[in-house]
Amino acid sequence: MSDLVTSLLAGSRRALARMLTQVENATPEAQQALEKLFPHTGNAWIIGVTGAPGTGKSSLVNALAKAYRAQGKTVGIVAVDPTSPFSGGAILGDRIRMVELSGDAGVFIRSMATRGSLGGVARATRDVVRVMDAAGFDIILVETVGAGQSEVDIVRTAHTTVVVEAPGLGDDVQAIKAGILEIADVLVVNKADRPGANQTVRALRAMLELGHPAAREQFARHHGRLIEIEVQNNHQDESLWIPPVLQTTATNNTGISELVLAIESHRQFVIESGTITALQKQYLELELYERLQQALMQRFLQTMPKTALADMINHIEARQLDPQRAVNQLLATLDQPSLNIQANES
Amino acid sequence: MTVRTARVLIAKPGLDGHDRGAKVIARALRDAGMEVIYTGLRQTPEMIAEAALQEDVDVVGLSILSGAHMTLVPRVREAMNKVELNDVPILVGGIIPDEDRDTLLTLGVVGVFGPGTTTDEIRDFIHTLVVKKDTNE
């Protein structure tokens, strides 16, 4: 595995591909490799592209990648599609729209399935992005699954989040609902050659005017999680970032150079205002919580006799115990391993 | 915790524009719990090799209905070997005459599936390949 790390850092695409598989499968080897790669990360600008299914995310990623290649930047692409909740399988079809990038050694595209994660990206996406970062790509584009209203996990990985809309998807009330529109650093109305594009742009602009920018900032940082995070508003006196609303037609490159410029302005804003440091610290804090949560759960399950959980489920099923009480009893065994788990018969 | 999900590339090389068969296979493999990367129509051998490399797939499945399989398949194999994917097996599906089948199997193809093959057969075949790969590693 350390050979793989060496070849990856030396620029081997095969080594990168194989490492990504290890990371996706969460092998113990991947954990060691990620440790070695972590010091090499932090150089890429990570752009999240999210939005409803069929709004043209893949085409937009394709157009953006071409634009960055024209600037001489190397581009890594992570394209996420959903895993079937029934079979665990997936059809990953984002490459279909990225054919033009084939044959370019400065581009690396990797398709990923969500594997049960519900936030719009896979659990391993963050690590996959880190590996690409360590491999030296200047720009990393992360395309989420076709997102509905609340798949907002991408903001924790991306430096700039682009939310893609298309004409005719909803009225102005959709536009003021909570969720995905709030995480946008840049809003794009793609398929702008279709009727209704101007109305969609107007609805989105109206939404931005209604909202209080400072409040938006806080929600974006909390992104709906109940974990207590202190919101540092260290640029209160400075002007806040107002997401621009752009029109694009990705399939013929219309509006793409404007989009690249908007992403660049956002990059400059978060760097110059110092927001980037605060945000990254908060996201790392959230990541730590999340990993701790997983590790504690795993350790807990290891200490639990295999039958204990099954017994507990039977008791709950028989309505002898309510689920929360069951949790409390299971937790009590952590402090007193000898304690027998018994259902409350009353 | 190790989770192993088979990854399969389904590709259509050359100029034929009929991909219903490829989609049926992709869907069946999805339902068998595999991750299927579908590249779309009209891929060159080099594009297929590159996708197979980047996606680190266990198996490449080629769907060819155009009759050009004797030209295309060796070129895909060659392109894959060129990027050091010699160990990644190729399956071919489509309209393949019996007399070509045996020749293809000598050209670096591990399985040829013509009309009438059930999706279960293909699923089991890929499953066996993946298990074999894992025990060798």
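This passage describes the fold, the nonpolar cores and a surface patch of a predicted model. Residues are numbered from 1 along each chain as its sequence is written, and chains are lettered from A. Local features need pLDDT of at least 70, side-chain atom pairs count only at pLDDT 80 or more, and side-chain values use heavy atoms.

Chain A has 12 helices and 8 strands, taken as DSSP runs (H or I, at least four residues, for helices; E, at least two, for strands). Of its 346 residues, 49% are buried, that is, under 20% relative accessible area with a 1.4 Å probe, protein chains only; exposed means over 50%, and partly exposed lies in between.

The largest nonpolar core (buried Ala, Val, Leu, Ile, Met, Phe, Trp, Tyr and Cys residues joined through side-chain atoms within 4.5 Å) holds 53 residues, and A:Met19, A:Val78, A:Val131, A:Ile140, A:Val142 and A:Leu187 touch the most other members. Helix α2 (residues 13-24) of chain A contributes the most, with 6 residues. Another core, of 33 residues, lies apart from it and includes A:Val49, A:Leu64, A:Val164 and A:Ile276.

On the surface, A:Met297, A:Leu301, A:Leu309 and A:Ile313 form a nonpolar patch of about 360 Å². Such patches join nonpolar side chains (Val, Leu, Ile, Met, Phe, Trp, Tyr) within 5 Å, from residues with over 30% relative accessible area and no salt bridge, a salt bridge being a side-chain nitrogen of Lys or Arg within 4 Å of a carboxyl oxygen of Asp or Glu. Helices α10 (275-303) and α11 (306-317) of chain A each give two or more residues to the patch. A:Leu301, in helix α10, counts as partly exposed because its relative accessibility is 40%.

Methods
Patches are made of residues with over 30% relative accessible area and no salt bridge: like charges are joined within 9 Å, nonpolar side chains (Val, Leu, Ile, Met, Phe, Trp, Tyr) within 5 Å. Accessible areas come from the Shrake-Rupley method with a 1.4 Å probe; for residues, only the protein chains shown count as cover.
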